[in-house]
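Trainee: Could you take me through one part of this model closely, in a connected way, and then relate that part to what surrounds it?

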Amino acid sequence: VKARFPSTEVLVMTAVPTLKTAIGTMKDGASDYIIKPFETDHLRVVAKRALDHRRLCRELDSERTMRQELASAYKELQKVEELKESFLARVSHELRTPLSELLTAVELMEQAAGSTTDTTKIDRYVALSKQGASRMDNILSDLLAFVELQKRPVIERGAAVPVEPLCREVVAKLKPL
């Protein structure tokens with residue numbers, strides 16, 4: 001019975017009890033073993049105990065399932081937390097780079113203003129400052145756009161990027177430094 005219907009509670013009743021049959025039936029999955037003759041109240045107690053056992057087993061299975069789901073959700077939360085930390089580190093780096101360029105250019109302007117009347121140097125430093133500020137503004141705009149995109153579904157599209165002009169732009173920005 002247990003092999004075909006695992007959730008069925010089996011009570012074995014016998015008039016010829018032996019230790020061998022008792023152990024064998026319990027190993028085969030019987031819930032209990034009753035020896036004839038028996039009282040009706042005893043049968044009720046044994047049946048109630050078997051049903052309570054089944055209920056507790058179901059509750060235990062339900063609890064195990066909930067724990068597995070909770071563990072899975074926790075792992076997912078940890079992954080999201082790692083992504084958030086990585087994202088914040090990246091944003092911090094991306095914001096510090098143009099800010100550093102901007103501060104360096106301003107410092108150079110201060111030094112040049114005190115030591116020379118050559119406006120070409122100062123003009124170059126002003127241009128560097130504007131570039132750094134513009135780059136930071138672009139990063140912040142991208143960041144705000146990213147936050148907005150998180151609010152709705154995204155359709156991904158790939159596009160080719162010419163590498164040579166990109167490299168020239170990076171070299172031009174870093175050359176003065």
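Mentor: This is a predicted model, and I would begin with the largest cavity, which is lined by Glu101, Leu128, Gln131, Gly132, Lys173 and Leu177. The volume of this cavity is about 50 Å³, and the count of cavities of 30 Å³ or more comes to one. Helix H3, which covers residues 119–150, gives the most to the cavity lining, with three residues. By character, the lining of the largest cavity divides into two nonpolar, two polar and two charged residues.

From the cavity we can turn to the largest pocket, where about 180 Å³ of space lies. The residues that line the pocket are Glu94, Glu101, Arg135, Leu166, Glu169, Val170, Lys173 and Leu174, and if you set this list beside that of the cavity, you will find Glu101 and Lys173 in both. The pocket lining holds three nonpolar residues, no polar ones and five charged ones. Helices H2 and H4 each supply at least two residues of that lining, and H4 gives the most, with five residues.

The pocket leads on to a feature of the surface, namely a nonpolar patch formed by Val161, Leu166, Val170, Leu174 and Leu177, which together have about 450 Å² of accessible area. Leu166, Val170 and Leu174 belong to this patch and also take part in the lining of the largest pocket, whereas Leu177 belongs to the patch and is listed in the lining of the largest cavity. Leu166 has its place in helix H4, and Leu166 counts as partly exposed because its relative accessibility is 44%, a value that falls between the 20% and 50% limits.

Helix H4 also carries a charged pair. Glu164 forms a salt bridge with Arg168, and their closest N and O atoms are 2.1 Å apart. Glu164 and Arg168 are four residues apart in H4, which spans residues 163–174, so about one helical turn separates them. Arg168 is exposed, with 55% relative accessibility. In general terms, side chains of opposite charge can pair when their charged atoms come close.

Helix H2, the other helix named for the pocket, offers two further pairs of this kind. In one of them, the side chains of Glu63 and Arg67 meet in a salt bridge with an N to O distance of 2.8 Å; both residues lie in H2, four residues apart, or about one turn of the helix. Glu63 is partly exposed at 34% relative accessibility, while Arg67 is exposed, having a relative accessible area of 57%. In the other pair, Arg64 forms a salt bridge with Asp61, and here the closest N and O atoms are 3.5 Å apart. Arg64 and Asp61 are three residues apart in H2, which runs over residues 40–115, so their separation is about one helical turn. Both partners are partly exposed, Arg64 with a relative accessible area of 47% and Asp61 with one of 43%. The full count in the model comes to 10 salt bridges, and the pairs described here are among them.

Another residue of H2 lets us relate this helix to a position further along the chain. Leu88 lies in H2 and is partly exposed at 44% relative accessibility. The C-alpha atoms of Leu88 and Leu149 are separated by 17 Å, and the two residues stand 61 residues apart along the chain.

Finally, it is worth following the chain back to the part that precedes H2. Pro37 has its place in the loop between strand S2, residues 32–35, and H2, and the peptide bond from Lys36 to Pro37 is cis, with omega near -10 degrees. As a general point of comparison, most peptide bonds are trans. Another proline, Pro17, lies in the loop between strand S1, residues 11–14, and helix H1, residues 19–27. Pro17 is partly exposed, with a relative accessibility of 38%. Pro17 and Ile35 are 18 residues apart in sequence, and their C-alpha atoms are 6.5 Å apart in space.

Note on methods:
Residues numbered from 1 in each chain as written. Predicted model: local features only at pLDDT ≥ 70, side-chain atom pairs only at ≥ 80, totals over all residues. Heavy atoms only, no water. Salt bridge = Lys/Arg side-chain N within 4 Å of Asp/Glu carboxyl O. Buried < 20%, exposed > 50% of the residue type's maximum accessible area, 1.4 Å probe, protein only. Patch = residues over 30% accessible without salt bridge, like charges linked within 9 Å, V, L, I, M, F, W, Y side chains within 5 Å. Areas by Shrake-Rupley, 256 points an atom, 1.4 Å probe, with all protein chains shown as cover. 1 Å grid on protein atoms, 1.4 Å probe; cavity = no way out; pocket = protein on both sides within 12 Å on 5 of 7 lines; lining within 4 Å. Points joined across faces, edges and corners; volume = space filled by probe spheres on them. Nonpolar A, V, L, I, M, F, W, Y, C, P; charged D, E, K, R; others polar.
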